[in-house]
Amino acid sequence: FVPCSFKMAAPTDPMSNSSDRKRGEGVSRILSKLKERVENGEYYDAHQMYRTLYFRYTQQNKYLEAIDLLYNGANVLLEHNQHNSGADLANLLVTAYEKSNIAITDQSINRLTTLLRKLDPNTVERHHLLMAAIKWSSSQDFPRGDPILHEKLALLHWQEKQYPAARYHFIHSDNGSDCAVMLVEYSVALGYPSETDMFITQAVLQYLCLNKSATAHVAFKKFTNSHPNIEPGPPFEKKPLLNFVALLLVAVNEKKVALFTMICEKYEPSIERDPSYSDYISKIGQIFFNKPRQGQNSEGGILGNLMSSLFGGDDDSDEADAVMVGAEDLD
């Protein structure tokens, strides 16, 4: 008889459970009292108390308590139209994320997007929070921000009908399908019928410049299958630019450098419809076919082209600053 081996469960520490329970009850009691102050209109005092408790928690390395405190405080203040105070706590929340090295999860991202949604899109406060969130989520793999965060930001801007900002964040996400649906809506609502094909062409070229070929393929297929003004294809009899993009995706997927060279020559008149296309195509040739980088045609090169294409050249807007950060991924 050979006895079965098994691992005994670690004994539960009743003192530890009791301590966790008391700590949770203490935080809940504090949050309740602070919320009551806000509801009584004592906004300044409540804001200062949230800040004081935050610094006390962080000095004791109680970052989870600090994060719960700041998120709840920012929510309550924003719900009472205290935008400056709410934004201040929201930015401290990002600081707490950074100091605690909290993981990028649905919860940590959703908390930020919830607070961003409650801030006026046209304010400096929201811009600062958005930029801080992107910086927090950046890593060696994603130096311009985590794709999951960018996807959430894209969906937020799309819901607000801020199409250029939505497009920017979709390009830095891995969600080509929703990007395509948004671009269909964008082009139908605000685009010229003669430029329908240019909406998806720009997106596909930018995805490829960021080495996102699979996402580019999904976006192209979804867009061309969904747009009411595009005939079934490929081939697209009335839109040669779409034929170029379809063949470009084949060349990239199958590593066919000869096909890449041929279509660049054959569809040159279509490519010349937008001066930025040649810069993108040059970068794509470098990434996927080891072709030497050609000179850039327009002032600012690819960085300037991405910025102007995504935000209509409005460099004075808050979101234009966000493009300046993300567009550097192309070089």
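This section describes salt bridges and nonpolar cores in a predicted model.

Across the whole structure, nine salt bridges were found, among them three that join residues far apart in the sequence. In one of these, the side chains of Lys118 and Glu79 meet, with a distance of 3.0 Å from N to O. Lys118 belongs to the loop that runs between helix H5 (106-117) and helix H6 (124-137), whereas Glu79 is part of helix H3 (residues 63-79), and the pair thereby links parts of the chain 39 residues apart. Lys118 is partly exposed, its relative accessible area being 29%.

A salt bridge is also formed between Glu185 and Lys161, whose closest N and O atoms are 2.9 Å apart. Because Glu185 lies in helix H9 (residues 176-190) and Lys161 in the loop between helix H7 (147-159) and helix H8 (163-171), this pair ties together parts that are 24 residues apart in sequence. The two partners fall into separate accessibility classes: Glu185, at 26% relative accessibility, is partly exposed, while Lys161, at 51%, counts as exposed.

In the salt bridge between Arg273 and Asp197, the closest N and O atoms are 2.7 Å apart. Here the link spans 76 residues, with Arg273 placed in the loop between helix H14 (268-271) and helix H15 (277-289) and Asp197 in helix H10 (residues 196-209). Arg273 has a relative accessibility of 36% and is partly exposed. Asp197, by contrast, has a relative accessible area of 2%, and since buried means under 20%, this acidic partner is classed as buried.

Attention then turned to the nonpolar residues. The largest nonpolar core comprises 49 residues, and those with the most contacts inside it are Leu183, Ile200, Leu208, Phe220, Phe244, Leu248 and Ile284. At least two residues of this core are supplied by each of H7, H8, H9, H10, helix H11 (213-226), helix H12 (240-254), helix H13 (257-266) and H15. Helices H9 and H10 thus appear in both parts of this account, as H9 contains Glu185, H10 contains Asp197, and each of these helices also contributes to the core. When residues up to four places away in sequence are left aside, Phe244 touches Ile263, Cys264, Tyr267, Ile271 and Ile281. Separate from this core is a second one of 40 residues, which includes Leu115, Met131, Ala132 and Ile134.

Key: Residues numbered from 1 in each chain as written. Predicted model: local features only at pLDDT ≥ 70, side-chain atom pairs only at ≥ 80, totals over all residues. Heavy atoms only, no water. Salt bridge = Lys/Arg side-chain N within 4 Å of Asp/Glu carboxyl O. Helix = DSSP H or I, 4+ residues; strand = E, 2+ residues; numbered from the N terminus. Buried < 20%, exposed > 50% of the residue type's maximum accessible area, 1.4 Å probe, protein only. Core = buried A, V, L, I, M, F, W, Y, C linked by side-chain atoms within 4.5 Å. Contact = heavy atoms within 4.5 Å.
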